Amino acid sequence: MHKSFFIETYGCQMNVADSELVTGLLTSHGYVPAERMESADAIFVNTCAIREHAEEKVHSRLGVFHKIKRERPNVLIGVLGCMAQNLKNDLLENKPYVDVILGPDSYRDLPEILSRGNAQKHIVDTKLSRFEVYDDLFPSRNEGINAWISIMRGCDKFCTFCIVPFTRGRERSRRVESIVREARKAITDGFVEITLLGQNVNSYHAEDQSFPDLLAAVAEIPGLRRLRYTSPHPQDITMELIEVMGAYDTICNSIHFPLQSGSDRILKRMNRSYTRDHFLKMADVLRTRLPGIGISTDIIVGFPGESENDFQDTLSVMESIQFDSAYTFKYSPRPYTKAAEYDDQIPEALKSERLDQLIALQKKHTLERNQAHVGSIEKVLVEKESKRSPDQWAGRTDSNKWVIFNKEETRIRDIIDVKIIGATGVTLHGQVV
Ligand code: SAH
Ligand code: SF4
Ligand code: F3S
């Protein structure tokens, strides 16, 4: 019997939410989370396959687990999540110390697998489901301010660079009622902020309810202070969504608006289904209809065939929108995806050069956007102690910017007025009003 377990999590918030789901499932069957990996009877790694670097990280962790397995042969090692699907053959052939491999739709089997002990080795289930949304399971959340709630699973967009449709399978949504039930429970448990999660939240569709309907239903739950969501697809941001965002104080004034590229030719090759023009127009509508909105983005450089002109097109979209922040990536070819087959891959050195330019430009924009807040008063949710000093809090504005300020008489979970007195790099500095 494996009584205690430890889960290490890589990848996006959806993996974080899935690890909480697995923890909830296992604890409800009598298993206990271990404080440290070294003392756990079962060790799981919840994996990400989005870029090669993410996979390398997991491989290096597996080396550590291998060592633990040599010292304690009875420990069970399990690989969960997005890499399971992708690497099951490699893991089976080259990593015999891995006992269990489960894809993102197979977590229900875990308690049963653990109860079998070590009798049966190498359990592999990476089948993807058209229906599994883990509707009836309650996650065991890490303590904190924010509760992640997964509203849908999978993705049907098939952007040509992206492995997610292959690792997580077809898109499917949970019912509004079940999401609202989970949100109410999270609030009763002391969470003040909820973030709704999906690879493609505005494709949400359940029993004739759309994403704006769901957002409104959650926003109305008594006791909820802040509601966020991630990520929407730029193609499907509707006026209805923007109206709902504006109509509820609980819905935060920020949006993740992933550009990927500013070149129409590259967007088309990426199968992103919007144009540069549409993107610019929507950014304009967002800033006009929701004044002060924080806009973050994702950008890929060095997608196959990206010319200097295409890259300049991306920089020029950044110049005209001035994102508040950006996650920037070098294109990484992924198995099964269409773009990995393109024969005009960009040399690594050129990708790095472009990435450096892009990061430098974004740094400038982030600083300028932050400096524009100096002198203003922001509503800040107190979230945690600042890493710099025990006398200071760190909290976020409605528009998703971190602010550091002296604690004064305030407490974690308070929403307070903070006057912004300075901006450095990615953070703001403030004073409680
Ligand atoms: N569903 C989300 C994206 C999830 S993946 C969306 O559509 O916005 C998060 C980000 O990783 C993507 O937005 C993209 O910028 C980046 N990414 C995905 N696949 C990649 C790859 N093969 N190489 C580099 N970056 C990639
Ligand atoms: Fe990947 Fe595109 Fe789906 Fe996002 S929308 S998860 S980038 S395929
Ligand atoms: Fe990674 Fe899977 Fe998320 S590939 S980014 S953990 S959906």
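Which residues does Asn202 touch, not counting residues up to four places away in sequence? The answer is Phe211, Pro232, His233, Asp236 and Ile237, where contact means heavy atoms within 4.5 Å.

Before going on, a word on the model. This is a predicted model, in which local features need pLDDT of at least 70 and side-chain atom pairs count only at pLDDT 80 or more, while totals for chains, interfaces and linings use all residues. Residues are numbered from 1 along each chain as its sequence is written, chains are lettered from A and ligands numbered from 1 in the order in which they are written, and side-chain values use heavy atoms, with hydrogens and water left out.

Back to Asn202, found in the loop between strand 10 and strand 11 (205–206). Helices (H or I, at least four residues) and strands (E, at least two) are DSSP runs, numbered from the N terminus. Asn202 is buried, with a relative accessible area of 13%; buried means under 20%, exposed over 50%, and partly exposed in between (1.4 Å probe, protein chains only). Its side chain also reaches the backbone oxygen of Asp236 at 3.1 Å.

Next, the sheet. Strands 7, 10 and 13 form an open sheet in the order 7-10-13, with parallel pairing; two strands pair if DSSP finds at least two bridges between them. Strand 7 (146–150) and strand 13 (226–230) are the edges, each with a single partner strand, so one side of each has no neighbour in the sheet. On average, neighbouring strands here are turned by 20 degrees against each other, direction ignored. Strand 10 (residues 193–197) is joined to strand 13 by five bridges, and Leu196 has Tyr229 as its bridge partner in strand 13.

Two helices meet this sheet. Helix 1 (residues 13–28) lies across strand 7 and strand 10, at about 95 degrees to strand 7. Helix 7 (residues 211–219) touches strand 10 and strand 13, and its direction makes about 155 degrees with that of strand 13. Axes are lines fitted to C-alpha atoms, for helices over the stretch in contact, and angles run from 0 to 180 degrees between N-to-C directions.

How many of the nine residues of helix 7 are buried? Seven are, among them Phe211, Leu215 and Val218. The buried residues of this helix pack against helix 6 (176–188), strand 10, strand 12 (209–210), strand 13 and helix 8 (239–247).

Phe211, Leu215 and Val218 appear again, with Leu196, as the residues with the most contacts inside the largest nonpolar core, which has 55 residues. Such a core is a set of buried Ala, Val, Leu, Ile, Met, Phe, Trp, Tyr and Cys residues joined through side-chain atoms within 4.5 Å. Apart from it lies another core, of 26 residues, including Tyr10 and Val75.

Finally, the ligand. Ligand 1 is surrounded by 15 residues, the closest being Phe161, Gln199, Gln260, Asp298 and Ser332; the cut-off is a heavy atom within 4 Å. The table lists polar contacts, pairs of N or O atoms within 3.5 Å; within protein, one must be able to donate a hydrogen and the other to accept it, and residues adjacent in sequence count only if both atoms are side-chain atoms.

| Residue atom | Ligand 1 atom | Distance |
|---|---|---|
| Arg51, polar side-chain atom | oxygen | 3.0 Å |
| Gln199, polar backbone atom | nitrogen | 2.6 Å |
| Ser332, backbone N or O atom | nitrogen | 2.8 Å |
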